[in-house]
Amino acid sequence: MSKEVYKTIYSVIHQIPKGRVATYGQIAKLAGIPQQPRRVGYALRILPEGEKVPWHRVVNAQGKISMRWELGCVDLQRVLLEKEGIVFDNDGRIILKNFLWKADDFTR
DNA sequence: AAACTGACTAATA
DNA sequence: CTATTAGCCAGTT
């Protein structure tokens, strides 16, 4: 049950286009668990090391990097994103206005 | 089994 | 704009 949800979450994250980011809430919604972004975070926490999931494209609703505040991890994610063309402002926040992934882009 | 925790969000002050 | 509160639910203790 829950396991499949995680799998879906990873799947959704895989669908994030390069140069775009998605919020936890958005992923949760796409994964079929609206209003439960915490589970998305949990899914990423237990993220299988062997999996190639672009977790760095996942940010919180404020457009900021969410992590466990371990040494240098935030910077790592930032570098990875900048490499994909994402731009940060002076506060280290992503301009969601320009980079947020619109999953319902094709539906709309 | 009950309480606590958490890679969150949205609403309020 | 930032700070606080409540809601949410699986995993951990």
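These questions and answers go through a predicted model of protein chain A with DNA strands B and C.

Trainee: In what order do the elements of chain A run from the N terminus on?
Mentor: Chain A has five helices and two strands. Read from the N terminus on, the elements run α-β-α-α-β-α-α.

Trainee: What share of the residues in chain A is buried?
Mentor: Start with the surface. The accessible surface of chain A comes to about 7300 Å². Carbon and sulfur atoms hold 51% of that area. Of the 108 residues in chain A, the buried share is 38%.

Trainee: Among contacts in chain A with a separation of 6 or more, what percentage joins residues 24 or more positions apart?
Mentor: Take the contacts in chain A with a separation of 6 or more. Then keep those whose residues are 24 or more positions apart. Their share is 62%.

Trainee: Which element gives the largest share of the largest nonpolar core?
Mentor: The core has 20 residues, and Ile 9, Ile 13, Ile 16, Ile 27, Ile 33, Val 40 and Val 58 touch the most other members. Helices α1 (2-14), α2 (24-30) and α3 each supply at least two residues of this core. The largest share, six residues, comes from α1.

Trainee: Why might one look for such a core?
Mentor: Think of soluble globular proteins in general. There, nonpolar side chains tend to be buried together.

Trainee: Which residues does Val 58 touch, leaving out those up to four places away in sequence?
Mentor: Val 58 is among the core members that touch the most others. Residues up to four places away in sequence are not counted here. That leaves Ile 13, Ile 16, Ala 22, Tyr 24, Ile 27, Leu 44 and Gln 77.

Trainee: Where is Glu 84, and is it buried or exposed?
Mentor: Glu 84 has its place in the loop between α4 and α5. The cut-off for buried is under 20% relative accessible area. Glu 84 has 19% relative accessibility, so it counts as buried.

Trainee: Which side chain makes a polar contact with the side chain of Glu 84?
Mentor: Not counting residues up to four places away in sequence, Glu 84 touches Lys 18, Gly 19, His 56 and Arg 57. The polar contact between side chains, at 2.7 Å, is with Arg 57.

Trainee: What about Gly 92: buried or exposed?
Mentor: Gly 92 lies in the loop between α4 (73-83) and α5 (96-99). Lys 64 and Arg 78 touch it, with residues up to four places away in sequence not counted. Its relative accessibility is 13%, so Gly 92 counts as buried.

Trainee: How far apart are the C-alpha atoms of Gly 92 and Lys 52?
Mentor: Along the chain, Gly 92 and Lys 52 are 40 residues apart. Their C-alpha atoms are separated by 25 Å.

Trainee: Now the DNA. Which element gives the most to the surface near DNA strand B?
Mentor: Of the 14 residues around DNA strand B, Arg 38, Trp 55, Asn 60, Ala 61 and Ser 66 come nearest. By class, this surface has six nonpolar, five polar and three charged residues. Five residues come from the element that gives the most, α3.

Trainee: Which residue places a backbone N or O atom 2.7 Å from a base nitrogen of DNA strand B?
Mentor: Set the phosphate contacts aside. A side-chain N or O atom of Arg 45 is 3.0 Å from a phosphate oxygen of DNA strand B. A backbone N or O atom of Ala 61 lies 2.7 Å from a phosphate oxygen of that strand. The base nitrogen contact belongs to Ser 66.

Trainee: For DNA strand C, what share of the atoms within 4 Å of the protein belongs to sugar or phosphate?
Mentor: The residues around DNA strand C are Tyr 6, Gln 36, Arg 38, Arg 39, Tyr 42 and Arg 93. For DNA strand B, the sugar or phosphate share is 48%. For DNA strand C, it is 75%.

Trainee: Which residue has a polar side-chain atom 3.1 Å from a base nitrogen of DNA strand C?
Mentor: Two tyrosines contact a sugar or linking oxygen of DNA strand C: Tyr 6 at 3.3 Å and Tyr 42 at 2.8 Å. The base nitrogen lies 3.1 Å from a polar side-chain atom of Arg 38.

Key:
Residues numbered from 1 in each chain as written. Chains lettered and ligands numbered in written order. Predicted model: local features only at pLDDT ≥ 70, side-chain atom pairs only at ≥ 80, totals over all residues. Heavy atoms only, no water. Near = heavy atom within 4 Å. Polar contact = N/O pair within 3.5 Å; in protein donor to acceptor, adjacent residues only side chain to side chain. Helix = DSSP H or I, 4+ residues; strand = E, 2+ residues; numbered from the N terminus. Buried < 20%, exposed > 50% of the residue type's maximum accessible area, 1.4 Å probe, protein only. Contact = heavy atoms within 4.5 Å. Areas by Shrake-Rupley, 256 points an atom, 1.4 Å probe, with all protein chains shown as cover. Core = buried A, V, L, I, M, F, W, Y, C linked by side-chain atoms within 4.5 Å. Nonpolar A, V, L, I, M, F, W, Y, C, P; charged D, E, K, R; others polar.
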